[in-house]
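Colleague: I'm new to reading models like this one. Could you walk me through it, one feature at a time?

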Amino acid sequence: MTGTARRAAPRAARVDPGAEPRDEITAYLSPLRAFAISLTGNTAMADDLVQETIVKAWINIEKFQVGTNMQAWLFTILRNTFYSDRRKHRREVPDPDGVHAAALFELPVHDDKLAFREFQRAFLHLSPEHREVLILIGASGFSTEQTAEMLGVAVGTVKSRTSRARKRLADLMGLATGEPPVGRAPPGAISRPGLTVA
Amino acid sequence: MQQDMAVDPDKSRLTEQIDENLKRVYERLLKEEVPDRFKQLLAQLKEKERRE
């Protein structure tokens, strides 16, 4: 055992020698859709993306190495599809400011606390690249190494991107990320020169 | 080794809070019902394969 330090891999692939890998796709529909909504911020776009991913995975199933993590493989197809579609349709979707972003509010918001809604709002204002690393590493339990492989970048890039994404998120929520506020006196030391200076 | 652990406590607490919220977002998304169209699509693909 590698102990508790190692995070559990998301949905470890069950090795079932008799099973067709294609039949395993069904088990990952829910995480695929969750990841797609995180990337697009929009359920309609997410569903199209999942559909495209399923078809690609089906056609290219022989490229899947049995015994490796199928969720990682499917997520890779999904995010690659997302970014290539995005490049293709850039001119059709002039949405730098995240009109799409509003769509994640389609999510049920019943028992919501304000703080969590604020968090969602901030999350949606991140770039897809930042949302991607945060969801993969912060929420779905992929390791930095797995994420680097899925994104096709170096481990160091994933680490720095994740930390920038967290910082950006904190900034958007108006939270400090650990650095003390620069050039500001501690609260107890505030003088009020304006009141006394003539 | 110890050096790695010496993270700014506020910073790591913030990271923890962020990750907790990220997990909430993700788990909520996981709980959403998956539209039937995906299972139908898989069934269609399988049927097509079987006929070929």
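Modeller: Start with chain B: it has three helices and zero strands, where helices (H or I, at least four residues) and strands (E, at least two) are DSSP runs, numbered from the N terminus. Read along the sequence, that gives α-α-α. One caution: this is a predicted model, where local features need pLDDT of at least 70 and side-chain atom pairs count only at pLDDT 80 or more, while totals for chains, interfaces and linings use all residues. As for labels, residues are numbered from 1 along each chain as its sequence is written, and chains are lettered from A and ligands numbered from 1 in the order in which they are written.

Colleague: What is the secondary structure of chain A, then?

Modeller: Chain A has nine helices and zero strands.

Colleague: What share of each chain is made up of buried residues?

Modeller: A residue is buried if 20 or more other C-beta atoms lie within 10 Å of its own, exposed if 12 or fewer, and partly exposed in between, with C-beta atoms placed from the backbone. Buried residues are 31% of the 198 in chain A and 17% of the 52 in chain B.

Colleague: How many residues does each chain bring to the contact?

Modeller: Two residues are in contact if their C-beta atoms, placed from the backbone, lie within 7 Å. Here chain A brings 30 residues and chain B brings 24. On the chain A side, helix 2, helix 3, helix 5, helix 6 and helix 8 each give two or more, and helix 2 of chain A has the largest share, seven residues. By class, that side has 18 nonpolar, nine polar and three charged residues; Ala, Val, Leu, Ile, Met, Phe, Trp, Tyr, Cys and Pro count as nonpolar, Asp, Glu, Lys and Arg as charged, and the others, Gly among them, as polar.

Colleague: How do helix 2 and helix 4 of chain A cross?

Modeller: Axes are lines fitted to C-alpha atoms, for helices over the stretch in contact, and angles run from 0 to 180 degrees between N-to-C directions. For helix 2 (residues 29-40) and helix 4 (residues 70-88) of chain A, the axes come within 10 Å and cross at roughly 30°. So helix 2 of chain A is roughly parallel to helix 4 of chain A: angles under 35 degrees count as roughly parallel, over 145 as roughly antiparallel, 65 to 115 as roughly perpendicular and the rest as oblique. Among the residues that meet there are A:Phe35 and A:Ala36 from helix 2, and A:Leu74 and A:Leu78 from helix 4.

Colleague: And what about helix 3 and helix 4 of chain A?

Modeller: Their axes come within 9 Å and cross at roughly 125°, so helix 3 and helix 4 of chain A are oblique to each other. Residues meeting there include A:Thr53 and A:Ala57 in helix 3 and A:Leu74 in helix 4.

Colleague: Which residues touch the most other members of the largest nonpolar core?

Modeller: A nonpolar core is a set of buried Ala, Val, Leu, Ile, Met, Phe, Trp, Tyr and Cys residues joined through C-beta atoms within 7 Å. The largest one has 45 residues, and A:Phe35, A:Ala36, A:Leu74 and A:Leu78 touch the most other members. Helix 2 (9-31) of chain B is one of the elements that each supply at least two residues of this core, while helix 4 of chain A gives the most, with eight.
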